[in-house]
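Hi,

Here is the structure I said I would pass on to you. Have a look at it first, and then read my notes underneath.

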Amino acid sequence: VFQGQILARRLVGQETRYEVEVKTPYRHRFPLVSREYLWVPNTCGCPRLREGGEYLLMARRHVNYERTLNRILLQDNGYARPWTPREDRLVREAAQRC
């Protein structure tokens, strides 16, 4: 779970790749750097992430069977909401309990 700002969007094959500036990592099981690529397994624009927008994102790490691909994947059932101070407060409160 992290707060990120969408810097760019690019269609790559049957997937969408977003370049994201990681603003605040809340809870992560793998290291995040200041800029990451976030992959979405479709090209339909779902979820709608606009360039320049800030979002609260819950994604997972995807490593393929051969261990040659390691990326951050926002699945169809992933969480992507526009970032607000309220979202920040809710995530920080939840992190204290979990």
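**Gln3 and its surroundings**

With a relative accessibility of 6%, Gln3 counts as buried, because buried means under 20%. Keep in mind as you click around that this is a predicted model. Gln3 belongs to strand E1, which runs over residues 2–12.

What does the side chain of Gln3 make a polar contact with? One partner is the side chain of Glu54, at 2.6 Å. The side chain of Trp83 is another, joined to that of Gln3 by a polar contact of 3.5 Å. If you skip the neighbours within four places in sequence, Gln3 is in contact with Glu21, Val22, Lys23, Thr24, Tyr26, Glu54, Tyr55, Leu56 and Trp83.

**Following Trp83**

Trp83 is a good next stop. You'll find Trp83 in the loop between strand E7 (79–82) and helix H1 (85–97). Is Trp83 buried, exposed or partly exposed? Its relative accessible area is 27%, so Trp83 is partly exposed.

Leaving out residues up to four places away in sequence, Trp83 touches Gln3, Tyr26, Glu54, Tyr55, Leu56 and Asp88. With Tyr26 there is also a polar contact between the side chains, at 3.4 Å. For a sense of scale, try Arg27: Trp83 and Arg27 are 56 residues apart along the chain, and their C-alpha atoms are separated by 15 Å.

**Salt bridges**

How many salt bridges are there? The count comes to five. Here are some that I looked at.

Go back to Glu54, the partner of Gln3 in that 2.6 Å polar contact. The side chain of Glu54 also forms a salt bridge with the side chain of Lys23, at 4.0 Å from N to O. Glu54 is in strand E4 and Lys23 is in strand E2, so this pair ties together parts that are 31 residues apart in sequence. Glu54 has a relative accessibility of 28%, so Glu54 counts as partly exposed. Lys23 has a relative accessible area of 36% and is partly exposed too.

Another salt bridge is between the side chains of Arg71 and Glu15, 2.8 Å from N to O. Arg71 is in strand E6 (residues 70–73) and Glu15 is in strand E2, so to speak two distant parts of the chain, 56 residues apart, linked by this pair. Buried or exposed? Both Arg71 and Glu15 are buried.

Then there is the salt bridge where the side chains of Arg81 and Glu87 meet, at 3.7 Å from N to O. Arg81 has a relative accessibility of 41%, so Arg81 counts as partly exposed. For Glu87 the relative accessibility is 8%, so Glu87 counts as buried.

**Charges and rings**

Arg71 turns up again here. Its charged end sits over the ring of Trp39, 5.0 Å from the ring centre. Something similar can be seen at Tyr37, where Arg17 lies over the face of the ring, 4.1 Å from its centre. As for rings pairing with each other, the count of aromatic pairs is zero.

**The nonpolar core**

Last, the inside. The largest nonpolar core has 15 residues, and Tyr18, Val20, Leu38, Leu49, Leu57 and Leu74 touch the most other members. Strands E1 (2–12), E2 (15–25), E3 (35–40) and E4 (54–58) each supply at least two residues of this core. Which strand gives the largest share? That is E2, with three residues.

Val20 is a handy place to look at the core from. Val20 is in strand E2, and with a relative accessible area of 1% it is buried. Aside from neighbours within four places in sequence, Val20 is in contact with Phe2, Gly4, Gln5, Ile6, Leu7, Ser34, Arg35, Glu36, Leu38 and Leu57. Take Leu7 from that list: Val20 and Leu7 are 13 residues apart in sequence, and their C-alpha atoms are 5.5 Å apart in space.

If you want a route through the model, start at Gln3, which is in strand E1, go on to Trp83, which touches Gln3, and finish at Val20, which is in strand E2.

Have fun with it!

How values were computed. Residues numbered from 1 in each chain as written. Predicted model: local features only at pLDDT ≥ 70, side-chain atom pairs only at ≥ 80, totals over all residues. Heavy atoms only, no water. Core = buried A, V, L, I, M, F, W, Y, C linked by side-chain atoms within 4.5 Å. Buried < 20%, exposed > 50% of the residue type's maximum accessible area, 1.4 Å probe, protein only. Helix = DSSP H or I, 4+ residues; strand = E, 2+ residues; numbered from the N terminus. Contact = heavy atoms within 4.5 Å. Polar contact = N/O pair within 3.5 Å; in protein donor to acceptor, adjacent residues only side chain to side chain. Phe/Tyr/Trp six-rings, centres within 6.5 Å; stacked < 30°, edge-to-face > 60°. Lys NZ or Arg CZ within 6 Å of the ring centre and 35° of its normal.
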